[in-house]
Amino acid sequence: MSKTVLVLGGDGFCGWPTSLHLSAKGYHVVIVDNFVRRRIAEDLGAPSLTPIANIDKRLDSWKKVSGHDIDVVELDVAQNYTELRRLLATVKPDAIVHFAEQRAAPYSMRDAARKTYTVDNNINGTHNVLAAIAELRLDTHLVHLGTMGVYGYDGDGLEIPEGYLDVTVEGPDGTRYPRSILYPTKPGSIYHLTKSMDQLMFQFYARNDGLKITDLHQGIVWGTQTEETRLDPALINRFDYDGDYGTVLNRFLMQAAAGHPLTVHGTGGQTRAFINIQDTVRCIALALGSPPASGDAVRIINQVAETHRVRDLARLVAELTGAEIDFVDNPRVEAAENDLAVSNATFKNLGLQPIMLRDALLTETVDIALRFLDRANLATVPATALWKGPVQGDDPLLVASRVAAE
């Protein structure tokens, strides 16, 4: 009998290809989503560059090419605990993959309304899932997509371990006590703040209720397609290019495709971690296949393949496309230059051989940017969210209500 996995946020950029990959590997997949990401894209005037079919068309197409069924439940896990609990009690999933959080740092910093929405959605959603698993006493493995951003980006050259820092504390009598603590967080946005708070909730529920939890601290995801999403045009994955949700690489690629200079924030000396979308779905599958035991500490894994400075990434895209590079003011509050050394030993030991930026799929991503260029709203490409300064625009409560509305 196949194992059942709920994919919360399974209609999104990481959730959709993960759902297909797990289904292809024989899991019974149930997507749980409120489809708010589609509504936010429309609100921003920046729908996916790639044409995204409705969820029924997506699932019908997957059934035709794979022979596998994926079920879907429309549910807001952050706002409807009763229905979430009922779903978990009925399905009793072997695992839950949790993508159901507002994922964009710039969007979380646009104004007070988006800050409030991000905290409300992300914290409530994560806690509701934890509380329901604990209340129902389910033996469910929770796999959560976190972010490397919880560690901050100041960087001093030390390698960031996988979640925990071994320290020694000296007592009043001189006795030295070894301790393993969560690596100190230094979130750079409200989005990253919610991910830092997730860690404390995971730590509590693992210790207090024996929940089995894996927290994946992921780098910036590049690429668009996976083996499964390429099987049919209706399965194509999202390509976000705007200043709120578009990754720095996608933003560069859109600018290059449109003949605009690549806009690098500040000096471009910010170092970021990267991983290909194909490796993201492989890492999720590897994590599901290696759950911690009940009572174990939260397993924290750095889900990264490589690191690059932003200006070096821009040069790589410029070499590939012939685009020029333009340095502009940085809207973020962050160090102008930082190093970033990251341990990714766990996934390497589990057999992951990551796809590297220079080796593959940049060309595929460029092709997608060029192929669908006529769908782009280029006015949304520049980053407009400022990390500091007065909040302008609509009344925060009205905007928050509109963002969350069905």
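Visitor: Okay, there's an open sheet of three strands here. What order do they come in?
Guide: The order is 10-12-14, and the pairing is mixed. Keep in mind that this is a predicted model.

Visitor: Which ones are the edge strands?
Guide: Strand 10 (220-222) and strand 14 (306-309) are the edges, as each of them pairs on one side only.

Visitor: And how much twist is there from one strand to the next?
Guide: The twist averages 45°.

Visitor: How do strand 12 and strand 14 run, parallel or antiparallel?
Guide: Strand 12 (residues 271-276) and strand 14 run antiparallel, and four bridges join them. If you want a spot to look at, find R272, which stands opposite H308 in strand 14.

Visitor: What helix packs on that sheet?
Guide: Helix 10 does, touching strand 12 and strand 14. The direction of helix 10 makes about 90° with that of strand 14.

Visitor: Let's stay with helix 10. At what angle does it pack with helix 8?
Guide: Helix 8 (residues 248-257) and helix 10 (residues 310-321) pack at about 35°, and their axes are 10 Å apart. The crossing of helix 8 past helix 10 is right-handed.

Visitor: Which residues make the contact?
Guide: From helix 8 you have V248, L249, F252, L253 and A256, and from helix 10 there are V310, L313, A314, V317 and T321.

Visitor: How do those divide into nonpolar, polar and charged?
Guide: Nine are nonpolar, one is polar and none is charged.

Visitor: New topic: strand 4. Are its residues A95 and V97 buried or exposed?
Guide: A95 and V97 are buried on one side of strand 4 (residues 95-98), and I96 and H98 are buried on the other, so both faces are covered. In a regular strand, side chains alternate between the two faces of the sheet.

Visitor: What does strand 4 pair with?
Guide: Strand 1 pairs with strand 4 in the parallel sense, over four bridges. Strand 5 (residues 141-147) also runs parallel to strand 4, and four bridges join those two.

Visitor: Which residues sit across from I96?
Guide: L6 stands opposite I96, and in strand 5 the bridge partner of I96 is L142.

Visitor: Last one, G10. Where is it?
Guide: G10 lies in the loop between strand 1 (4-8) and helix 1 (15-24).

Visitor: Why does G10 count as buried?
Guide: Because its relative accessibility is 0%, and buried means under 20%.

Visitor: What does G10 touch?
Guide: Leaving out residues up to four places away in sequence, G10 touches G15, W16, S19, I31, V32 and D33.

Technical notes:
Residues numbered from 1 in each chain as written. Predicted model: local features only at pLDDT ≥ 70, side-chain atom pairs only at ≥ 80, totals over all residues. Heavy atoms only, no water. Axes fitted to C-alpha atoms, helices over the stretch in contact; angles between N-to-C directions. Left-handed = near helix turned anticlockwise from the far one by under 90°. Contact = heavy atoms within 4.5 Å. Nonpolar A, V, L, I, M, F, W, Y, C, P; charged D, E, K, R; others polar. Buried < 20%, exposed > 50% of the residue type's maximum accessible area, 1.4 Å probe, protein only. Pairing = 2+ DSSP bridges.
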